[in-house]
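User: Could you walk me through one part of this model in some detail? I work at the bench, so plain wording would help.

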6 protein chains.
Amino acid sequence: MAALADLTRTEARSVAPQAIAVLPIGATEQHAEHLPMGTDAMLVGAVLTAALDEVPADVPIVRTPTLPYGSSEHHLFSAAMSLRPTTLLPVLTDLLRSLVVTGFRRLMIVNGHGGNDEIMRLAVKQTALEHPVAVAAASYWALGAPDAATRVPGHAGWFETSLMLAYRPDLVRERRSVPVGDPPVFDRPPWPGLVVEKHGEWARVGGLTDPATDADPDTGRDLLSRRASALAGAIVAFDAATTEFRTEGTTA
Amino acid sequence: MAALADLTRTEARSVAPQAIAVLPIGATEQHAEHLPMGTDAMLVGAVLTAALDEVPADVPIVRTPTLPYGSSEHHLFSAAMSLRPTTLLPVLTDLLRSLVVTGFRRLMIVNGHGGNDEIMRLAVKQTALEHPVAVAAASYWALGAPDAATRVPGHAGWFETSLMLAYRPDLVRERRSVPVGDPPVFDRPPWPGLVVEKHGEWARVGGLTDPATDADPDTGRDLLSRRASALAGAIVAFDAATTEFRTEGTTA
Amino acid sequence: MAALADLTRTEARSVAPQAIAVLPIGATEQHAEHLPMGTDAMLVGAVLTAALDEVPADVPIVRTPTLPYGSSEHHLFSAAMSLRPTTLLPVLTDLLRSLVVTGFRRLMIVNGHGGNDEIMRLAVKQTALEHPVAVAAASYWALGAPDAATRVPGHAGWFETSLMLAYRPDLVRERRSVPVGDPPVFDRPPWPGLVVEKHGEWARVGGLTDPATDADPDTGRDLLSRRASALAGAIVAFDAATTEFRTEGTTA
Amino acid sequence: MAALADLTRTEARSVAPQAIAVLPIGATEQHAEHLPMGTDAMLVGAVLTAALDEVPADVPIVRTPTLPYGSSEHHLFSAAMSLRPTTLLPVLTDLLRSLVVTGFRRLMIVNGHGGNDEIMRLAVKQTALEHPVAVAAASYWALGAPDAATRVPGHAGWFETSLMLAYRPDLVRERRSVPVGDPPVFDRPPWPGLVVEKHGEWARVGGLTDPATDADPDTGRDLLSRRASALAGAIVAFDAATTEFRTEGTTA
Amino acid sequence: MAALADLTRTEARSVAPQAIAVLPIGATEQHAEHLPMGTDAMLVGAVLTAALDEVPADVPIVRTPTLPYGSSEHHLFSAAMSLRPTTLLPVLTDLLRSLVVTGFRRLMIVNGHGGNDEIMRLAVKQTALEHPVAVAAASYWALGAPDAATRVPGHAGWFETSLMLAYRPDLVRERRSVPVGDPPVFDRPPWPGLVVEKHGEWARVGGLTDPATDADPDTGRDLLSRRASALAGAIVAFDAATTEFRTEGTTA
Amino acid sequence: MAALADLTRTEARSVAPQAIAVLPIGATEQHAEHLPMGTDAMLVGAVLTAALDEVPADVPIVRTPTLPYGSSEHHLFSAAMSLRPTTLLPVLTDLLRSLVVTGFRRLMIVNGHGGNDEIMRLAVKQTALEHPVAVAAASYWALGAPDAATRVPGHAGWFETSLMLAYRPDLVRERRSVPVGDPPVFDRPPWPGLVVEKHGEWARVGGLTDPATDADPDTGRDLLSRRASALAGAIVAFDAATTEFRTEGTTA
């Protein structure tokens, strides 16, 4: 694994035809009363770092800097640094296009924030349509096994709080938040598969999806390890599934 | 159920505070050698019509005209009338905003085309953030029960061909297509939950995701009926979950 | 005449080099107290259908789905589903471009709503500049003979009400609207050829341009028939004037 | 009449509530072999200057600087300084909005270039919708009487050449152009009222619409005088038709 | 020197490969109580005219019409005709692109308004990236020698008032403005090189940066002459530095 | 100093009315053969960190995550991850707006990449116009004293290489680049104050502005220290100059 930020241009162009360029994206937004605003960017970085430790050396990876800002318009009721969807989409397509121009033929976004999900998918599709490349995207919590039996991950609740207790316990405040009233409708739609959004819902529930009170560091370590393994598995699978895009030459 | 196109302005404004405005969106794009290009718009209309028959009369519905065009950039390799994603997003937010201005407080998009999915979700989120309303969205094949045991729906394959054999058999050509080579990677990602797009993949497989050869009208009738019931269930559930947005007065 | 929605991709690409692709566009907006909101989309469809009956078989036509939404910002004071001008323009250029990519070389927009007029013209010009094609556009009421002696067509008044009494009498409410006060300035400018718009003018006059009281079905049938003939004439004339864009081969 | 460029801010704000702000817009583009590229901006200025001489003093006018650039994409086959339509539209709405913010309540665009026509109309409509003002627009050649009997005005042909022979004979080259082949289809559509654009049409005919050979300065002087009178008449009529937007106070 | 507005297309295309196309841009905005709103457009024109008198004949120049409108959002608190930054940027790139299409290979913007500065720089960079040309830009007051010893130029103060007293004394009102309170922070940042903007600052100081009271026509004549010489020097230097972009042939 | 990423929402909103929010922005782009692609993001972070050590505790600072991507279109000839200018501008205005919504009244961008400069200035101006806040911006190398006597800073040459030798010597490759041929014209314009851009100039000179061969770590340490002191001085000065925007209460 190499960090693009540490490579010279010639090193980057040399490894580009073989490597998978991995772009982590996060968010900076309110996470209730007990988690820091950088939670999403921190966790996507942590999971990716652990995953890359598991990826075999013959799968060449170039990790790009984490984009610490995502689309968090729904958290501006409280506190966030948010890119509007119409801003984030060209950010992602510009960055993916840049990687193509630099010589990469296999690209991957690893996402740490739910609000980025649709925009990431659109950027992946558009890039693969416009350029002769293979592009993947994964929200780290949404990848399948080896993590089948956990509860549904949410925002600032059991899942993220456990992960933060494992990764950055110094940043988890003692008094943990619990949601107010009924669970938010976007998380528990009244019919399976139905997308439902109500005005003011995030503010109504207090900015988190489920209680953080039963989070614990052991669970967090387990979740982190399993999420990392899932992501490593996905990266290896993407590599294997896209060998026809791997070129042995160097980008001139 | 009322059709917005048939209402006068005063009738529309009168029913708006109570009703759910339902906007069906489709696509016009290649569906292999045996299905017509209007398949998606036809099917979303058929499923919605059947669903509305099942919705009880005390759930007031205003059905708006079907948008027959969606985001089909990935089908332009062959034949399509496509809106770019950056065009479709303001189309949907403009239309939803119009409904809000007209007095509606509960809005729903029913979608018949996979390529619209992310854009529809973004439009729903943006509208609910900006206006004091509740907004839902459903891709008709993606709603949960009463339809649990079917195969994965695809493009121009078993699922859509069966539905068309039930709904418009006159438009299904005899010689049905089968995909070329391996299944497309976007449909069978190499890791569960991973999004993967390869340049040229739709053209490579011949423009459909799975063989249409074992489609049959009985299955189609069953699928249509179950999808309609699921959609009816979702509509009723959305109504029940958003009573606080239902106003008894008339929009002046 | 073929409906694009009914064709397979191969049929579409096969007929594309010879045919004229005709895209009808309408609107969904208030039409005073007596006409339904779908009036414009209904009427453009009706006129086009009647016109295509008159077009000789050796003028190959592919009719695309009607776009039921137009630019109706000026009707949002009451009720409309409107696309902003900056949304409608890329909608039209995207759709025209799609038809070019699909193999068509002769394109035509038939328009049913005054608010679309300028945007339609811009889309036509831009498409003909960017692609090696011929593009036409017609607002159905604005075509010349065989209809010289009628009154000026307006919005929700004598013209449209007569047409609806002929085409969909079931949708015309009994008590017909009349404008309030002086005629709207945009319709009767204080100097011939001067464009004038006043803030609030549509609301002031009550949302229609002239009294609907003297509309009658016989006039409507006559208008419909003459408008259809004019449109048929225009289509045939466009065909004859663009033979150099008609290719005999098939789009591969 | 006052020139906005010559006024101080306080003078501008003082006259704004009563005055009509008049914005002339032109173009800089090829005008065949015998007319200069600035023809449109020159002529709109000349006609407006002559018109304002005829407007009575009790119709207060503030003339803004002429925008010398318009939408001339169709002349880039040869030579032009062109704003794309999607650039010119916000230019006009930005400028009209600025005038509203500065205190004007009655605005008018006077246009010297056919390619600006639709965009000007869209800008006028949008401004009148968004602000409590009255907005007019006139293409100087398209205003009605006192000029009924002239030939159809075109581009770089009899009409404009005659005007330039009257206004700036020093800039008219001796050897005057004539169009090549059949008249351009956009000027002589194959059916009255049909808009038709063919790719490459401007280049095919040589960049002008009709022969310049029979233009003469006497006709030009007559045309200029009649066009000026028509524009003066339109301005006075706009003033009379919008007295309710005329405020006697000063914009603070 | 030739004025593009006076040239025919063939003359323009003939001189384009050798010449430098110079586009002057100004603004129309409040200049306190004593200067007219057109000050910036007037002065950039005056300086350019005087500069071109000094440029030797073997440096071929084509002067394009002055754009009289710039980005003056910060003057709308009082009076301006302003293009938003996102409008002005495509205006400039559209115009520069047009010149490239017309055959020019060396382009220059001469600017008369501070608010245009960053946008002009972006347009220059983008144009030089996209097209095989050399592009220059100069704010006339910001060029170096032969003018080293003057005071800092400002808005509507000593500098511009002196220039106007020299160039258009008839337009300078007698009672000259002085700023209110402390100098504006954008002009006198609290640390050298720091950019600082405070909300409402232009209104607070009264719309000018420094007192106009000690301006005088002799200084203005001197400033005008020195600024013109500096601009002439810059043009000649740009010509000499870009000979490899000067083509001897004619643009067909 | 607090890192926004480490704060909870309530902590962020609590400190917002008093604090200066500082947003560091960098770039990821080629830096010749000897410096890593992350140089600009690394250096702006290093200088800011050192500067904040010097800022007194009574100047409350909230440091936001570094944006590691900037506008580097001119480095895509080799290798970069670049945001187009029209992407970066809304990124910055979105982020600044978010900080305003979160309760901050004093904002500052610290920039590490020349290509961001104009866009940063536009974002600062727009934000201060639209919101009741004070906004500052500084390119760290462009601040005045305490650093007066150094050479002109460039790209990948003496200045940045010295800084990297001090800050991350492990990432500086041994064989240092020197420019090819004459210095780039954008760095040494042919006339003082003239902006000049030539197509292909960055590629011609080899991607750096001046030789890196005489860079050394001692100079780098000195530069870093002086740049940090200058930035600290600027921050303190901005604080002192904007006390009227400092509110003692807490953002609810």
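How many residue pairs are in polar contact across the interface of chain C and chain D?

Analyst: Happy to help! This is a predicted model, in which local features need pLDDT of at least 70, side-chain atom pairs count only at pLDDT 80 or more, and totals for chains, interfaces and linings use all residues. Residues are numbered from 1 along each chain as its sequence is written, chains are lettered from A and ligands numbered from 1 in the order in which they are written, and side-chain values use heavy atoms, with hydrogens and water left out.

Now to your question. Between chain C and chain D there are 22 residue pairs in polar contact, both residues being at pLDDT 80 or more. A polar contact here is a pair of N or O atoms within 3.5 Å; within protein, one must be able to donate a hydrogen and the other to accept it, and residues adjacent in sequence count only if both atoms are side-chain atoms.

On the side of chain C that touches chain D, the elements giving two or more residues are α3 (85-102), α4 (117-130), β7 (134-139), β8 (195-198) and α7 (217-241) of chain C. Helices (H or I, at least four residues) and strands (E, at least two) are DSSP runs, numbered from the N terminus. The largest share, nine residues, comes from α4(C). By residue type, this side of chain C divides into 31 nonpolar, eight polar and eight charged; Ala, Val, Leu, Ile, Met, Phe, Trp, Tyr, Cys and Pro count as nonpolar, Asp, Glu, Lys and Arg as charged, and the others, Gly among them, as polar.

Charged side chains also meet across this interface, where four salt bridges are found (a side-chain nitrogen of Lys or Arg within 4 Å of a carboxyl oxygen of Asp or Glu). One of them links K198(D) with E244(C), whose closest N and O atoms are 2.8 Å apart.

Strands join up here as well. β8(C) runs antiparallel to β7(D), residues 134-139, and four bridges connect them; two strands pair if DSSP finds at least two bridges between them. Within that pairing, V196(C) has A136(D) as its bridge partner.

As for the overall extent, 47 residues of chain C and 47 residues of chain D take part in the contact, meaning heavy atoms within 4.5 Å. The two chains bury about 3800 Å² between them, with 69% of it on carbon and sulfur atoms. Buried area is the accessible area (1.4 Å probe) that two parts lose on being put together, summed over both.
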